[in-house]
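The following exercises concern the structure shown below. Each consists of a task and a solution worked in steps.

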Amino acid sequence: MTLIDRTATDHLADLIAGRISSVELTRAYLDQIDRHDSRVRAFLRVDPQAALDRAEDIDRRRAAGQSLGRLAGLPVAIKDVLCTQGEPTTCASRILENFRPPYDATVIARLKAADAVLIGKTNMDEFAMGGSNENSAFHPTHNPWDLSRIPGGSSGGAAACVAARMAPLAVGSDTGGSIRSPAGLCGVSGLKPTYGRVSRYGLVAFASSLDQIGPLAQTAEDMALLLEVLAGHDAADSTSVNLPVPQYTKTVRQPLAGLRLGMVREHFGDGLDVEVEAAVREAVRVYESLGAKVTWLSMPHSKYAVATYYVIAPCEASSNLARYDGVHYGHRTDEKQMLADLQAEHARLQKAGDKRALENTENPLIRMYRRSRAEGFGPEVKRRIMLGTYALSAGYYDAYYKKALQVRRLIRQDFDRAFEEVDLLIGPVTPTPAFKIGEKIDDPLAMYLFDLYTVSTNLAGIGALSIPCGFSSAGLPIGLHLQAPPFEEERLLRGARMFQQATDWHGRKPAMLGGSADC
Amino acid sequence: MSLSRPEVEKIALLGRLLLSEEEIKRMTVQLGDVLGYMDLLGEVDTTNVEPMVHAQDMTNVFRDDVAHPSLDRGQALANAPHRDEECYLVPAVL
């Protein structure tokens, strides 16, 4: 086993014991990025010198016997949706290509205070909208298990960089499955905390009632380590919850005795790939062998989750993204060209005597907004702005937005009822393993339906995670989805860890790194 | 559910987007598909169901009315594509 195959938890022990320096460790991951990221393309930006300087500073402080933060010396990759002061934060969008935030997101400030080494910003679907990473304005990310396939999304870069051992830990965000789905497709572990567990301050907003930040890593223990640093109340986010943060790392090794697992009938129906189903059922048997009791239950509103989500998320997105106006920050269209075009348009309409069209032509300010946004946003972001604007427009609000909010409550009630009977829900995280790059790009609805197992978690506001539970015959990773009642991250992590003690799926590495799905 | 071209153009204006001819055509079909799928929600009986706008039932989270430092003007203007020393600049509105 080489250095970079070891877990973050092992690295931390080595750092503390002085068996390795942060510079050595950081250099090992930077070397791996050098070797493989030209093909995986998980990162949007890496600043090796800044990372090494930081590592050196931590080593120096350690040598001087100074007290250090919780993650001292550990490299962490950051999804480019989180504001880093003075450093580009693009959301993989042209509109933010040159944006340098004037402040750090709360989770970034926490990571810095914990003395983590921020190793780079990872690729994503533009504004976190998408499940394949193909919506990045800069380049797609490739799945390390098969470079012709998607890594999932929207935190595809974060999942791929952990899978390719280019970082031991990564921070992602999850609005409808954006941590769990790529974790599943790349064979790593990823957790979406309960809404309110982690501050969203400085997370570029997509859908504010659904967005949540969480960890990606190789193991449940490593997720516990990172979540402990990320979680906690923040006065700067009024939706963050003022509850004590459990010491996840202290309890994660304790198996859950008398665990009651629920399988949702509706999640084992049409559209579920046979190999995914087989792997998930085998995982359930592993839990049974560890003493868990399994019951089948029904969540009658789960078939409406995708429709509900794709009303609510675009509505919130269309209103959140109204801030990109080409005035305060972000891309602005060439103003001279815009004014010249507008003038020519006026002259043409005047000549044609088209009074109505002339009156309908917008003023230069509105035209500036429209052109800046048209040039700055990619196709999927435009689609969601259009969808949301439509659903919120006069005459459609009740039929779409209000209706979806009502169904959202029914979905939450399904969960509440389920958790009266069971401790965790267990099932597939995606309906199939990773698909080919380009396969669904022209069919937005097919792309949306890929999210059918994950979106209801965000609608309900509860916590969930994905861990590796097997491989398809083509050697592609399969993810296992565990969902828990609100603020039961500890239960999720303990449940994941007991599975990882009994299996070794999480330890496999892609063939491009000299590993294989078989061992 | 299908959308007409004037509807798509109107939504694009409301959403402050400017779509090319080709985008309008593609968007008309794709939005129609997605909205058609959403008609599924019509079969759910939501009589007397309170809309769920947020995952946490919190209202009016207040902090003490104490002044905190905030961004100074230079920082606030730093990312503006067009500005002078003290203002954001925009095309003439009138």
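**Exercise 1. Task:** Identify what covers the buried residues of α2(A), and then describe the course of this helix.

*Solution.* The model is predicted, and the steps below should be read accordingly.

Step 1. The cover over the buried residues of α2(A) includes α1 (8-17), β1 (43-45), α3 (48-63), β2 (75-79), β3 and α5 of chain A.

Step 2. The residues beneath that cover are A:Ser22, A:Val23, A:Leu25, A:Thr26, A:Tyr29, A:Leu30, A:Ile33, A:His36, A:Asp37 and A:Val40.

Step 3. An α-helix has 3.6 residues a turn, so residues three or four places apart point the same way. Among the buried residues of α2(A) are A:Tyr29, A:Ile33 and A:Asp37.

Step 4. Helix α2(A) spans residues 22-40 and bends by about 40° at A:Asp34. Just after the helix, A:Arg41 has a positive phi of about 60°.

**Exercise 2. Task:** Set out the strand order of the open sheet in chain A and state which strands stand at its edges.

*Solution.*

Step 1. The open sheet has 11 strands, ordered β1-β3-β2-β4-β6-β5-β10-β11-β9-β7-β8 in chain A, with mixed pairing.

Step 2. The edges are held by β1 and β8 (293-297) of chain A; each has a single partner strand, so one side of each lacks a neighbour in the sheet.

Step 3. On average, and with direction ignored, neighbouring strands of this sheet are turned by 30° against each other.

Step 4. One pair within the sheet is β2(A) with β3(A), parallel over five bridges. Here A:Ala77 stands opposite A:Gly120 in β3(A).

Step 5. Helices pack on this sheet. α3(A) touches β2 and β3 of chain A, and its direction makes about 160° with that of β3(A). α5(A) touches β1, β2, β3, β4 (169-174), β5 (189-192) and β6 (212-217) of chain A, and its direction makes about 155° with that of β4(A).

**Exercise 3. Task:** Determine whether strand β9 of chain A is enclosed or open, and name its pairing partners.

*Solution.*

Step 1. Strand β9(A) covers residues 424-428, and five of the five are buried; the strand is therefore largely enclosed by the rest of the structure.

Step 2. With β7(A) (residues 260-264), β9(A) pairs in the parallel sense over three bridges. A:Leu425 in β9(A) is the bridge partner of A:Gly262.

Step 3. With β11(A) (residues 477-484), β9(A) pairs in the antiparallel sense over four bridges. In β11(A), A:Gln483 is the bridge partner of A:Leu425.

**Exercise 4. Task:** Examine the loop between β3 (117-122) and α5 (156-163) of chain A, and decide whether A:Glu126 is buried or exposed.

*Solution.*

Step 1. A:Glu126 lies in this loop. The cut-off for a buried residue is 20 or more other C-beta atoms within 10 Å; A:Glu126 has 29 such neighbours and therefore counts as buried.

Step 2. Apart from neighbours within four places in sequence, A:Glu126 contacts A:Cys91, A:Ala92, A:Ser93, A:Asn135, A:Ser136, A:Ala137, A:Gly378, A:Glu380 and A:Val381. A:Arg94 is 32 residues away from A:Glu126 in sequence and 8.8 Å away in space, C-alpha to C-alpha.

Step 3. A:Phe127 lies in this loop too. Its phi is positive, near 55°, although the residue is not glycine. A:Phe127 is buried, with 30 other C-beta atoms within 10 Å.

Step 4. The loop also holds A:Ser154. The peptide bond from A:Gly153 to A:Ser154 is cis, with omega near 5°.

**Exercise 5. Task:** Name the residues with the most contacts to other members in the largest nonpolar core, and the helix that gives the most to this core.

*Solution.*

Step 1. The largest nonpolar core has 166 residues; A:Val76, A:Cys161, A:Val162, A:Ala167, A:Ala170, A:Val311 and A:Leu482 touch the most other members.

Step 2. Helix α10(A) (residues 305-320) gives the most to this core, with 10 residues.

Step 3. Beyond four places in sequence, A:Val162 touches A:Ala167, A:Ala170, A:Val188, A:Leu216, A:Ala217 and A:Gln218.

**Exercise 6. Task:** Describe the contact between chains A and B, including the class of the residues on the side of chain B.

*Solution.*

Step 1. The contact takes 54 residues from chain A and 41 residues from chain B.

Step 2. On the side of chain B, α1 (5-14) and α2 (21-38) each supply at least two residues. α2(B) gives the most, with seven residues.

Step 3. By class, this side of chain B has 29 nonpolar, eight polar and four charged residues.

Definitions and conventions. Residues numbered from 1 in each chain as written. Chains lettered and ligands numbered in written order. Predicted model: local features only at pLDDT ≥ 70, side-chain atom pairs only at ≥ 80, totals over all residues. Contact = placed C-beta atoms within 7 Å. Nonpolar A, V, L, I, M, F, W, Y, C, P; charged D, E, K, R; others polar. Buried ≥ 20, exposed ≤ 12 C-beta atoms within 10 Å, placed from the backbone. Pairing = 2+ DSSP bridges. Core = buried A, V, L, I, M, F, W, Y, C linked by C-beta atoms within 7 Å. Bend = angle between axes of the 7 residues up to and from the residue. Axes fitted to C-alpha atoms, helices over the stretch in contact; angles between N-to-C directions.
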